[in-house]
Each structure stands twice: as structure tokens, then as C-alpha cells.
Amino acid sequence: MTTVGETQAPGDGRRPVFAAERRRRIIELLRTNGAVSLRELADAVGSSEVTVRRDLRALEGEGLISRHHGGATLPGESSREPSHAQRAQVSAAEKGAIADLAASLVADGDAIVVGPGSTTQEFARRLTRHTELAVVTNSLLVAQELAGSPRIEVVLTGGTLRGSIHALVGSAAEHSLAGLRVRRAFVSGNGLTAERGLSTLNMQVAGMDRALAAAAEEVVVLADHTKIGVDTLVQTVALEQVGHLVTDTGAPGDVLDELGVRGVRLHVAHA
């Protein structure tokens, strides 16, 4: 028997969305974007998060998707590095709110390092209001965001271009940070757990993220809710090194509680 996932209010102008149609649309969204949050899936198919969560369980049972905290990917996608364009489409509103809150942790006169990522690019856009700032980055996109700000000194590392994330990696990039000491490192990644800390999908990216973290007195992780509680291939920054986490209200509370217990200062942004 065909089931209807949502009961529509009389006169709301929407037709009922059947489970099969809704689940087909979910798979299409995952194929297009690589990873999509629960909230975004619910908005896209016009159903509640409760209904979409039920859909995800069913699709996972059929081996069609992989669920994780706050969203889903296609099978095998958790080991494949998403492109910058794919990352930018996930949790866009939340990333903007995270960037706003993270920018409040920067003061005029600071020297900071900023890693690559769609969230750190949004963060860089907020830095243009500052003066007398020194920013070291391996991200071409972060550097581009700051290029028009004459009072911000931008230092771009050397290294080998990793096109999927528009960032410089490799031994030359890591060595360019040797002897550097700044106030804070603002980094992202593909997952953050209480057990392993920050992780990513590529060993070269992981090496560079570790070098960025080592150059700073304090590490600030910028991660939207789709990354909280997710453990990926390569550890980049151990949790003991993470001083702050800036995330959004969709992050799972149990994971945030554990991170807080382990000494991470939590900053939760409202999108």
C-alpha cells in the first residue's frame, strides 16, 4: 500500500507527497550535493524532520544511503572528499551564522591563521571590517576574500594546489609555517568527535591542518551541525588541542555536552 508521509492542512495549497516520491527526491539531492543536512532535506521535500528521518532509516536499510549525525550521504561518500562547490551548498545559513560568531573572536591587531573550507571562507568575509590584522592562510579563497582590504596583511603559504578545495598543501606549505606563532588558528574539517577530535578525508590536507594548528596559541574549530559527531578518515587536530568550537543549533546535544566536559569552549550560533 502506498503511504502518504505528511498530512496537509486543508487549503494549504500543497499536494500530498508520497513516500516513494519523497525518497527518490532525497537520493537526487544527495547525488547532487554529496552531503545534505536533515533540516535541508526536510525543507527540500516539504516534510517534517521526523518524516525525513524515517525516510533516511528506510533508505539506509536498503543500502541506498549512509546516515550520520544531522544528515546523510550516499554510500561511500564519507570517504570521498567533496568539492568546494558541494560543501558551500550544505547548511549555507548556518555557516553564515557561524562565521558571524567566529569573527567576534578576532580583535584588531591580531595575527591569525585560517584554514580552507566553505565556512572559513564565510568567516574571511567578516574579517574585512577589521583593521591592522595579519592573516596567514593556505586557502586561495580566503586570500581572495581579503585581497581588497588594505589594512589586512595577507600571507599566503607556498605548496601544491589541491584543486577540489582551492588550497595549498604538501611539505612546502607545511614548512612555510615553521617558526610562526599567532594568537589563534581558525580551521574546519569533515568531522569532529569527542574521541578523535577534528578529522578530514585526505592525508595531505590533514598534515597542513596540523601545521596550521601548531602555529597558534589556541585552535578554534568552525563546524556546522552536519560535521558534529562525524568521524572521518584522518585525524587532524586532537581534541586536547581544540580550545573553541563554533557551531550551530542543529548540532547534536549529547556530542556538544561531551565536548564541553572535555574542556572545549562552545559557541552556538543561531541561523
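Contact here means heavy atoms within 4.5 Å. The model shown in these views is predicted.

**View A. Ala 103 in helix 5 and the residues around it.** Ala 103 belongs to helix 5, which covers residues 92–103. With a relative accessible area of 5%, Ala 103 is buried, because buried means under 20%. When neighbours within four places in sequence are set aside, Ala 103 is in contact with Phe 123, Arg 126 and His 130. Glu 122 lies 19 residues from Ala 103 in sequence, and the C-alpha atoms of Ala 103 and Glu 122 are 9.8 Å apart in space.

**View B. The crossing of helix 2 and helix 3.** Two packed helices are described by the angle and the distance between their axes. The axes of helix 2 (residues 38–45) and helix 3 (residues 49–61) come within 9 Å and cross at roughly 105°. Helix 2 is therefore roughly perpendicular to helix 3. From helix 2, Leu 38, Arg 39, Leu 41, Ala 42 and Val 45 meet Glu 49, Val 52, Arg 53 and Leu 56 of helix 3. By class, this contact has six nonpolar, three charged and no polar residues.

**View C. An open sheet of three strands.** The strand order is 10-11-13, and the pairing is antiparallel. Strand 10 (191–193) and strand 13 (234–237) stand at the edges; each has a single partner strand, so one side of each has no neighbour in the sheet. On average, neighbouring strands are turned by 40° against each other, direction ignored.

**View D. Strand 11, strand 13 and helix 9.** Strand 11 (residues 197–200) pairs with strand 13 over three bridges, in the antiparallel sense. Thr 200 has Val 234 in strand 13 as its bridge partner. Helix 9 (residues 203–214) lies across strand 11 and strand 13, and runs at about 15° to strand 13.

Conventions: Residues are numbered from 1 along each chain as its sequence is written. This is a predicted model: local features need pLDDT of at least 70, side-chain atom pairs count only at pLDDT 80 or more; totals for chains, interfaces and linings use all residues. Side-chain values use heavy atoms; hydrogens and water are left out. Helices (H or I, at least four residues) and strands (E, at least two) are DSSP runs, numbered from the N terminus. Buried means under 20% relative accessible area, exposed over 50%, partly exposed in between (1.4 Å probe, protein chains only). Axes are lines fitted to C-alpha atoms, for helices over the stretch in contact, and angles run from 0 to 180 degrees between N-to-C directions. Angles under 35 degrees count as roughly parallel, over 145 as roughly antiparallel, 65 to 115 as roughly perpendicular and the rest as oblique. Ala, Val, Leu, Ile, Met, Phe, Trp, Tyr, Cys and Pro count as nonpolar, Asp, Glu, Lys and Arg as charged, and the others, Gly among them, as polar. Two strands pair if DSSP finds at least two bridges between them.
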